[in-house]
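The following exercises introduce a protein structure to a reader who has not met it before. Each task is followed by a solution that proceeds step by step.

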Amino acid sequence: MVFLHAANKMSGEPDMTDTESSAPPQHTTSPCRKILKGLAQWLLALIVIPLLFIFLLEIGLRVANTGIDNHYFTKQEVRGETYCEPNYNYFGLYFGKHIERVAWTCGFPEKKSPNTYRIFVLGASAAFGEPEQHSGMAHHLETMLAAAYPNAMFEVRNFSVAGINSHIIRNIAKECAQYSPDVIIVYMGNNEVIGPFGACTPIQATWLGRFITRPAVYFETLRCTQLMERVYGRCFLNNSWLPYTSDMPYFLDHQVTETDPRLFRTYHHFRNNLSDIIESGANQGATVLVSSVATNLRDCAPFASSHKSGLSEQSLARWEDAWKQGIQSIENDQNEAAVSAFREALNIDDQYAELHYRLGQALYKTGQYEPAYEAFTRARDLDTLRFRADSQINQIIQEVTGGYASRGAVFVDGVAAIREESPNQIPGEEHFYDHVHFSPEGNYVLAAALYKAMTPKLPEWVHAHTGKTSEPPDRELVWKLLPLTEWNHKQHYESLLDRVANPPFERQPGARMRLNRLRAQMNQSLAFMNDPAHYRDMDENFKQAVEMRPNDYLVLETCCEFLFQSQKYIASEEFSRRLIEKQPRYVFGIAHIILGDALLEQKKAAEAIPFFEQAVALQSPGGMNPLNALGDALLQAGRREEAMQTFEKCLEIAKDHGNLAQEANFLKKLGKEEEAEKIYRRIIALAPEISYYWEALYPLLAKRLSKQGLIEAYQELSRQYPKSMWGFIGLGDALRADEKNQEAISAFEQAAENNEQDALPFLEIAQIHEESKNWEAAIAVQEKAAEREPGNYFLRVKLAEYHETQGDKVKCAEALLSAAKVNPADTGLLARLNQKLIELDNLPQRIKIWREFSEKFPGLGVPQYALGIALLNQNTPENDASAEEAFRKAIALEPAFQPAYDALLAVLDKRLSPEDFQKAFDELKAEFQKHAVPQPEIPQDDSQSTPEGAAKDNKDS
């Protein structure tokens, strides 16, 4: 108004503001309206405009296809039909690019075929089947259904992924329900605390966690959120996080007690998410099977324990006294006294998880199985590192599922099924490899429980030709159809050994015993694979499984991998081509990679390149494995420039994902070794306990430095990481290369002190003594190595060799005998033992040893044969008859073992007439030829068809 008044004066016009009569009446604005108007303007400025901007930005990012698609399924055209495939990048929304998560399963037709029964499996790693999907619960169930209903088509797709929980599974279930599933199987609950948005995460640290968790899950799917996280990671984190180790060590610093408020919020979210999952399936008319979650109770101690709050120093001291007394009593096998001591400690503090576990062990040993079960269960529920579903989770599963019974939901008591099959009804190592992941036995039991719950729900057209079969097929048939062989067991043990040697497993009570047991099982599997007869059996098992289940892609994939690792590259190539023919877009190009690798091994790089290129196209833009393989193929084909360009792409992806290990690997391939060395040093600073990166660093340093420079470099590394075994191993190797053996021994001794479980430092010392022919010292150190790893029979074999060098036949035989008891399947080892016992010339002792061995391992033929030979040497009619019986047992157990036939014929020659002997000879010859002469239908390589190739990758064990 001031400016208007001035303008009127200058123009000479009357000032309408000067006279009240000339101005119309004015309406004054109330203070309240002014405040509201101001608030509206601020609301527009602070909320509406930013929201509009974010909305337009989100639309723009989606149009530009930037970021991760928030749909779990992507649609692809396959031979004129639309297929739904899991989105390779989907879990990057919740875990970030640096932690790879993917649903390892084939796509399925968007439109279900009329005569197809569609089953979706949802869950985390236990439902997936870790350590190998091929022998997991879902594949067991699929195999059972196929065997029981051969005329029906069952389409089983397992969308379970390690590390996820109900927050993510809820979203996946909503999408799955859109594709006409007949059954949705839900097995989840282990990751509710440790998974995304769980009690350990920052979002649950405050009281707001209860209200903002679901919005947070939604916001993670927005492209704007992804963009902000990407910018933040680049600018502030500098991609320096550690993506290549397990995420479990993080939780050591984020423990959750039973009374933590975040735990109650976790239960609340789990209940709501499970309701939504069941609702999604029920709304589409699907049967939803929800299983309670079984865990290892007897053979899995708590990962961490915490005393109850407010415990006085005096009370804690009395608790410690009772605790120590109980531990001492258990070690002295005084279990009743241990029970009393532990109960006394419970009266002081009943919140310490390991106390309940120890009490359970003592009760179990005294035969009080039901109280022991309660104690083991309580120990799990109090565990402050919550990697296992607790009692409350299972109660929620039963209550929520029961509430939807009228809408087709079925509660499956997986816990009861596992308990029923467990010794004294307490689940342990018979059904679990570790804390929650099932052995094949456990997967069979859980699949059988699901089968029994599912079969009453099957439609009539499924039963039309076969009829109703309420009982699942037996284990032997299912494992034959999978197939489940020693090669599969070896794969399991390799994966598990890597896991249990790292946090938090290595901190558990009994960790060393578990590690030694796994090593023993691993060695036994290797011995079976090296045995020609067992190897032929495995080969035949895979061949029969493929013939009986030609459309089971997991069987085909496993067969391809088995043949490749067995160095049967021609056969692997043929079966890979067959798999690609059946599944052109097979699981992110894995079949194409196997085929390309098989061609590369045959020096057919030019043929391999197109398959690697197809694998690159099938994987996400961030998939490094097929690109890496493509680079190797280009290099072999002489196309070096293209190979280097491919490795540069791999390097960029590794940087983008923050994957330091891959970054270092590709820097090496590109010849940038000094840069690779810097990366390995960064990794070691983050994870000095991981051996692989120390081992990768050593050759880089050795190539660049002199011998003295290498020693000085490892001396500095050892000072930086004084508690690392591997720094001192590297120092010892460097000193040894410079022929400074005494200093090397000191370094290896320090390495042994830093790690009280690993035998490697003692093996290094023993080798130094062996080179200097100091046999007594070598024997003493080798015995220490064998004590550290009682499940490693190779250590005892080496010890036997040292004793043999010293001419001590008795101790040599003792070492071989102890090795044979660890790994009785190694026929070569048994033969060496038998030869050494013969040299000792103590026939009664020899008979005693082989008789005990045969009784302890009744399923092996070689001990029976060795017993028969020993009995035959006594040259009496009674012993000849016993020897004949032993040889016949050996032949029945090992029908391709020729020495047993020869020995039996020698016995028969003593007592049969020439005519009868000839008849027996012809019969035995025919029996031997039937088993000894293979009739393979799987193509064999001309140059590499020996069973030794199956264990090539383990030759250094």
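## Exercise 1: Helix α31

Task: State which residues of α31 are buried, identify the elements they pack against, and test the length of the helix.

Solution. In α31 the buried residues are G709, L710, I711, A713, Y714, L717 and S718. The model is a predicted one, and the assignment is read from its coordinates. The partners come next: these buried residues pack against α29 (673-686), α30 (691-704) and α32 (725-737). For the length, helix α31 covers residues 707-720, which is 14 residues. A rise of 1.5 Å a residue leads to an expected span of 20 Å, and the end C-alpha atoms are 20 Å apart, so the two values agree.

## Exercise 2: Helix α39

Task: Determine whether the buried residues of α39 line one face of the helix or are spread around its axis.

Solution. Begin with the length. Helix α39 consists of the 14 residues 843-856. At 1.5 Å a residue it should span 20 Å, and the distance of 20 Å between its end C-alpha atoms agrees with this.

Next, list the buried residues: R846, I847, I849, W850, F853 and S854. Viewed down the axis of α39, they fall within an arc of 165°, and therefore they line one face of the helix. A general rule helps in reading such a list: an α-helix has 3.6 residues a turn, so residues three or four places apart point the same way.

Then consider the other side of α39, where P844, K848, E855 and K856 are exposed. Finally, name the neighbours: the buried residues of α39 pack against α37 (809-822), α38 (827-840) and α40 (861-872).

## Exercise 3: Cavities

Task: State how many cavities of 30 Å³ or more the structure holds, and describe the lining of the largest cavity.

Solution. There are six cavities of 30 Å³ or more. The largest has a volume of about 80 Å³. Its lining is made up of T105, Q133, A138, H139, E142, V156, R157, N158, D552, Y553 and L554. Two or more of the lining residues come from each of α5 (137-148), β5 (153-158) and α22 (553-565). Sorted by character, the lining has four nonpolar, four polar and three charged residues.

## Exercise 4: The second largest pocket

Task: Give the volume of the second largest pocket and name the element that supplies the largest share of its lining.

Solution. The space in the second largest pocket comes to about 860 Å³. The pocket is lined by 35 residues, and M153, F154, R157, N551 and D552 are those nearest its centre. At least two lining residues are supplied by each of β2 (81-86), β4 (116-123), α5, β5, α22 and α23 (569-582). The largest share, five residues, comes from β5. By character, the lining of this pocket divides into 18 nonpolar, five polar and 12 charged residues.

R157 appears in the lining of the largest cavity, and R157 is also listed among the residues nearest the centre of the second largest pocket.

## Exercise 5: Backbone geometry

Task: Locate the cis peptide bonds that precede P131 and P483, and the residues D333 and N875, whose phi is positive.

Solution. Take the prolines in turn. The bond between E130 and P131 is cis, with omega about 15°, and P131 lies in the loop between α4 (125-128) and α5. The bond from L482 to P483 is cis as well, with omega near -15°; P483 lies in the loop between α18 (475-481) and α19 (486-500).

Now turn to phi. D333 is not a glycine, yet its phi is positive, near 60°. D333 sits in the loop between α10 (313-331) and α11 (335-348). Its relative accessible area is 56%, so D333 is exposed. N875, which is not a glycine either, has a positive phi of about 55°. Its place is the loop between α40 and α41 (877-893), and with a relative accessible area of 55%, N875 is exposed.

## Exercise 6: F666 and the whole chain

Task: Decide whether F666 is buried or exposed, and describe the protein chain as a whole.

Solution. F666 belongs to helix α28 (residues 660-669). Its relative accessibility is 0%, so F666 counts as buried. For the chain, the secondary structure comes to 43 helices and eight strands. Of the 957 residues, 53% are buried.

Key:
Residues numbered from 1 in each chain as written. Predicted model: local features only at pLDDT ≥ 70, side-chain atom pairs only at ≥ 80, totals over all residues. Heavy atoms only, no water. Helix = DSSP H or I, 4+ residues; strand = E, 2+ residues; numbered from the N terminus. Expected span 1.5 Å × (residues − 1). Buried < 20%, exposed > 50% of the residue type's maximum accessible area, 1.4 Å probe, protein only. Arc of directions from axis to C-beta. Contact = heavy atoms within 4.5 Å. 1 Å grid on protein atoms, 1.4 Å probe; cavity = no way out; pocket = protein on both sides within 12 Å on 5 of 7 lines; lining within 4 Å. Points joined across faces, edges and corners; volume = space filled by probe spheres on them. Nonpolar A, V, L, I, M, F, W, Y, C, P; charged D, E, K, R; others polar.
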